[in-house]
Amino acid sequence: MKIAILVGTRPEIIKMAPVIRECRKRTLDYFIIHSKQHYSEKLDGIFFSELDLPAPKYNLNVGSGGHANQTGRILIALEPILMSEKPDVLLVQGDTNTVVAGALAAHKLRIKVGHVEAGLRSFDQTMPEESNRIIADHISDYLFAVTDLQVGYLKKEGLPESKIFKVGNTIVDALLSHRVQAEKTSQILSELKLQKKGYYLLTSHRAANVDDPDALREIIHLITKIPGKVCWPIHYRTQKVLKGSKIDLPENLTWTEPVGYSDFLTLLSNCTAVITDSGGVQEEACILDVPCVTIRDRTERPETIDVGANVLVHRDAEAMVAALNRPMPPWTNPFGDGHTAERILDIVTGQHAQPVPRTQDTVCVAGLGYMGLPTSLLFANAGVTVTGFDLNDNKVNEINSGHCPFEEKGIPELLTAALKTGRFKAQTEPAPADVFVVAVPTPHENKKCDLSFVLSAVNSLLPVMKDGNLLIIESTIKPKTCEDILLPILQSKHLKIEVAHCPERAIPGNTLHEIVHNDRIIGATSPEAAQRAELLYSTFTEGAIHRTTPVTAECAKLMENTFRDVNIALANEFSLIADKFRFDISAAIELANKHPRVNILQPGIGVGGHCIAIDPWFLTEDIDGLNVIRAARELNDEMPKHTAERIQNKIAPSARRIGILGVSYKPDVDDARETPALEVARLLSERYEVRCHDPFVKAWELELFPLEEVDGWADALVVLSNHKIYGSKQFRSPLLSFDDLISAEHRELELRHHHSASDLTLAGVVPRSSNSLQGGRQASTPVLRDKDLPAKMVRQN
């Protein structure tokens, strides 16, 4: 298939950029035609470079002119290109003369036309853009509508439903992909001496507002009434009218030449509010949570008004001031999820299934733990109605009162926002829904997958399930669980329900970012179920979404963590070899990693967390005769024993009391699932008195003591989870570094080092005068510290 993409103005370049990038990503046969309806470098050329787009294959160099003149010249120049290139489809976007000319030329040559942003209606026939939209829609073969509203308009005009596709708006794709980069690269705020949230942004380019000097004077009068500094990037056409009509600019105005996309995005993102007559800016402001006031009587983006993001005031100064001072409740972006370009190309290349309206699906999430709660809140804040189901009364009450039951950055704020919308609630009974998501723990029992929590959750949901529902399992499960266990359960109840496995792939301490940004795997029992799950997750997922079969998804998730476990085992076994041959393990790893194809991890005290220590057993549970994975798992399970032995060899023989600092499976989280610190503590308690402390973990299998009852009491402190808070503490009890713990030095050498500051430094133990603990006092005897204790690698999940 050959695709032609026609653009002509700044908004078209920006909104078609995601489609162009997706064509490039898929290595499709495509080319770009630029009418140059905007002929200034500042108004269009700069956007190709800023958005990293290939140069157009054809430039028509049409420039400005009357509507008939401009439209006619585009038709004349475009027709021979289309006849020569013979594309299968021409994609156009928006409502300009370029769009209507392109659609007419392709339609008469029997080339299919895809109209991006179809169905927009202002119902103001005095606007030339309205005529362009209607004409383009009625001669297009693919009508890519943004929301249900535009779908309804197109149906009312008698256009066939087979041509209409609700896909969202590509401006969301563009904003999400470029916003962060714009913040990093743009210097526009400092250049214009603007403070974040310390100015209002004005954009005005509609002919009705700026071509008529009297109307333009009204715009200038509006600026004088705005309560603060105003920034206005002024279109060249408007500059001519201002100069020709000798209109003075007010003192509270900072104006600039037209700016590039990064600069404009930065100006819009950081203003107090925007005053505009642009349809595209209304959308962008709504998406970026910026209050908008539109100086027009009507808008083709009524969704912005419906959600409370926008107010129409025409050129009424009093109404404008009132709108700027209105209460600003939070709203939800109605324009899509950032995957619009993908859907458009799926449709034109014939890869799409029948669309499933996302708005119909309500969700019930079983399990409100480390993954179930954030997933529920992300759905709710994306506009999905969600019921969270958990059997724990205290947890449910805590969540409904606005308190997160565990430590995780960003979750409390997300919970507050979700509760305010009214789209989320927690309860101890399951609720009827369209989609059910199971996110409960999957422990292991005798090195086998314990599915009891998953099966209990599914059985609890059965009474409220009905035909047509979708069951999604996020919990980690062993291979063939969906096909061999869950589907038969549903079929035994005579329920026609599809199943999908969408495994979580996030780490405590960074859960929200990873749930949103990591790629998502969907293994579903049918293409329709896969699409339905993808539409649901795409409400918040910014990573790529990959569809596959259930068993492939199950095994892919298990292999991710198995790969890490095996590589950790390799590093740990290398450290045991170092014990034998007395070499510097850290130096050996660093030197080995100088090879360009080698990346050995750091050794540690074992492997913990809810995935790495478990998933390899699930993957190999029903497999005989294959031993690499099992051997690695067993070696890592043995590391707490080796750690306890190393501790005994490193501390003074007279020591009787050991304080363990940090018991979570990785630093700076409250998650102690499968932590190797538990076995280390148990082994040490056979010979020593042991007290444990952790600033994050609230409950553990062993008693946790306040820090003041551990430090000073202990003959030696052992840091097994290197929380940052420990780096700022001054300890009274002796300290020993983790590097020294895993080194091959004898205890006698270490004790001798205590008599010489220089010897101590050479041995890896830092003298008292050093600030090795990030400013804290270093004691005369060592602390066992994992120093990121290969936490980055060893106990990370």
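1. A good place to start is the pairing of strand β8 (residues 200-203) with strand β11 (residues 274-276): the two run parallel and are joined by three bridges. Leu 202 has Ile 275 of β11 as its bridge partner. Please keep in mind throughout that this is a predicted model.

2. Stepping back, β8 and β11 belong to an open sheet of six strands, in the order β10-β9-β8-β11-β12-β13, and the pairing is parallel. At the edges stand β10 (253-256) and β13 (310-312); each has a single partner strand, so one side of each lacks a neighbour in the sheet. From one strand to the next, the twist averages 20°.

3. Helix α10 (residues 213-225) packs on this sheet, where it touches β8, β9 (230-233) and β10. The direction of α10 makes about 150° with that of β9.

4. Now to strand β6 (residues 142-145), which is covered on both faces. Tyr 142 and Phe 144 lie on one side, Leu 143 and Ala 145 on the other, and all four are buried.

5. Who are the neighbours of β6? Strand β5 (residues 112-118) pairs with β6 in the parallel sense over four bridges, and Ala 118 has Ala 145 as its bridge partner in β6. The chain gets from β5 to β6 through helix α5 (residues 128-138), in a β-α-β crossover that is right-handed.

6. Strand β7 (residues 164-166) also runs parallel to β6, with three bridges joining them. Here the bridge partner of Ala 145 is Lys 166, so to speak the next link after Ala 118. Helix α6 (residues 148-156) completes a right-handed β-α-β unit with β6 and β7.7. For the helices, look at α24 (residues 550-581) and α27 (residues 628-650). Their axes come within 8 Å and cross at roughly 45°, and the two helices are therefore oblique to each other. The crossing is left-handed.

8. The contact between α24 and α27 involves many side chains you may want to display. On the α24 side, the residues include Thr 562, Val 566, Ala 569, Glu 573 and Leu 576. On the α27 side, Ile 629, Arg 633, Asn 636, Met 639 and His 642 are among them.

9. Finally, helix α28 (residues 677-685) has as its buried residues Ala 677, Leu 678, Val 680, Ala 681, Leu 683 and Leu 684. These buried residues pack against α27, β24 (657-661) and β25 (689-693).

Notes
Residues are numbered from 1 along each chain as its sequence is written. This is a predicted model: local features need pLDDT of at least 70, side-chain atom pairs count only at pLDDT 80 or more; totals for chains, interfaces and linings use all residues. Side-chain values use heavy atoms; hydrogens and water are left out. Buried means under 20% relative accessible area, exposed over 50%, partly exposed in between (1.4 Å probe, protein chains only). Two strands pair if DSSP finds at least two bridges between them. A crossover is right-handed if, with the strands pointing away from the viewer, the path from the first strand over the helix to the second runs clockwise. Axes are lines fitted to C-alpha atoms, for helices over the stretch in contact, and angles run from 0 to 180 degrees between N-to-C directions. Angles under 35 degrees count as roughly parallel, over 145 as roughly antiparallel, 65 to 115 as roughly perpendicular and the rest as oblique. A crossing is left-handed if the near helix is turned anticlockwise from the far one by less than a right angle, and right-handed if clockwise. Contact means heavy atoms within 4.5 Å.
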